[in-house]
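Trainee: I am new to this structure and would like a close look at one part of it. Could you walk me through how its helices pack, and then point out a few single residues?

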Amino acid sequence: MSVAAATEAAPERAAIDSAVRYLIQNYSPKGNRVGWLMMASILVEAWDLYSIAFVLIFIKEQYNPGPLELGLAAAGTQGGALIGALLGGWLSDKIGRRWMFLGTMTMFVVLALAQAFVPNMTWLIIIRFLLGVPLGSDISTGYTYIMESMAKGQREVMGNRWQFMFAVGEVITLGVIAVFLVMELNHEMLWRVTLGLGAVPALIILFLRHDVPETAVWLVQHGRFKEAKVVAQQMYNDNLAMLPNHDVVVEKPSPWDFLADLRKDPIRWRATIYGWIACFAQGSEFSTFAFYLPVLFAMVGVSSVLGNNLVTMALFSFAAISGWIGPLLTPRIGHRGIGIAGFGIVLVSLLIAAAALYTDHKYILPFAAAGMLWGHYWDASNCMTIPTMVARPRYRGTASGFAYMFVKLPSFLAIFLFPVLFTAIGQANATLFVAIFPLIGLLAAIFILPEVYGYEAD
């Protein structure tokens, strides 16, 4: 940009920054409706992730796939979500929050239904990979919308509720599958209907989101002042008089500019680094948790598919309580407090579980697993909230998507790598190995994370 052009653009940039600051500091929507509409998409993701785990046995029965095919069918959405998080976050900044959250739900409806009609394993793997793209994209877009549409404090409690929504989605999914098992549905019908039913909540969310407007903050950032004035008038009865009545052309930042921007502010940089570490640590500790479930089920005498389903429902019902309490405590103990307490509880629980396995006191494992779940639903609660919240509005979608990549990467890798480790070194040693992740998260919460509750990037 030439010096003359930069001088000419400076007043417009100053007006944009002033209007964005004004919107963020003065307005929030009535109630939590917008926040819950964005959080609702997590129910869709939970349905997909946990339904496949319980119907894989029936898919294997029908198609007799090899271990690699079975693993890809289970992990496909995680791999797709890894791409969707990065691509969706960038597109959210580029084309807008509203178009992205409508587009992702539309894609999910179509692809979820397509799962129910696949003719073979190859097509199931392909569709599940594609299905992950809108899932990863929608989470980053939803967080961006929440941070731009809700007041300080309120938005953070809402953002931290994503783990509660995961638990609710898991319980609902397992409950529906339990009903199908009791009805003794034909096995092929059961897995096809279960996977296809994911389209139902997605369709409902799409309908409820249809009239939600683009955020005034995004419109202002992109120089679309006329639309921003209409939205602000509609939502806040304020026509943003500080802005001119015409649109302006705003230079589009590079997708990676947000990293350079973060480095300018030590608080935002440290908070974001913590968010990435916490995302990876909580994703790793939870993705490996599934390998302890068969041990727990065997201990309590559970051997049937229905029995496994019901015991898992009980575990995640307990987790949902933790997922609800954690966000409510955030205003009192802050983001650091939630991170320290959550990772600390998980670390202690895993060390107790490892000791129980080393000494063959396996009756302790259910209590250690319950403690691990409780702590996990705290330490995971704010790992997406923090990086999205501290990013400047013009980079928020990209920052949110980049953070979500650190959730999906360990989830994808654990399916392929941890079973080998688990088999090679045994249950006790593997449990001790997993304890490394909450230890890293705990140290990051203590030494890296500044308290950013109520923080606002201008």
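Mentor: Here is a tour of two helix pairs, followed by some single residues.

Happily, the ground rules are short: this is a predicted model in which local features need pLDDT of at least 70 and side-chain atom pairs count only at pLDDT 80 or more, while totals for chains, interfaces and linings use all residues. Residues are numbered from 1 along each chain as its sequence is written, and side-chain values use heavy atoms, leaving out hydrogens and water.

Two packed helices are described by the angle between their axes and the distance between the axes. Helices here are DSSP runs of H or I with at least four residues, numbered from the N terminus. Axes are lines fitted to C-alpha atoms over the stretch in contact, and angles run from 0 to 180 degrees between N-to-C directions.

Let us start with helix H5 (residues 97-115) and helix H10 (residues 199-209), whose axes lie 9 Å apart at an angle of about 155°. That makes H5 roughly antiparallel to H10, a label for angles over 145 degrees. On the H5 side, the residues in contact (heavy atoms within 4.5 Å) include Phe101, Leu102 and Met105, and on the H10 side they include Ala199, Ala202 and Arg209. By class, this contact of H5 with H10 has 12 nonpolar, 1 polar and 1 charged residues. Here Ala, Val, Leu, Ile, Met, Phe, Trp, Tyr, Cys and Pro count as nonpolar, Asp, Glu, Lys and Arg as charged, and the others, Gly among them, as polar.

The second pair is helix H3 (residues 41-63) with helix H6 (residues 121-149): their axes come within 11 Å and cross at roughly 170°. H3 and H6 are therefore roughly antiparallel to each other. Among the residues that meet are Glu45, Asp48 and Tyr63 in H3, and Arg128 and Asp138 in H6. This contact of H3 with H6 divides into 10 nonpolar, 1 polar and 4 charged residues.

Now follow the chain into the loop between H3 and helix H4 (67-95), where asparagine 64 lies. Most residues other than glycine have a negative phi. Asparagine 64, however, has a positive phi near 50°. Its relative accessible area of 63% makes asparagine 64 exposed, a term for values over 50%, with buried meaning under 20% and partly exposed in between (1.4 Å probe, protein chains only). Aspartate 360 also has a positive phi, of about 65°. Aspartate 360 sits in the loop between helix H16 (305-358) and helix H17 (365-379) and is exposed, at 56%.

Methods. Helix = DSSP H or I, 4+ residues; strand = E, 2+ residues; numbered from the N terminus. Parallel < 35°, antiparallel > 145°, perpendicular 65-115°, else oblique.
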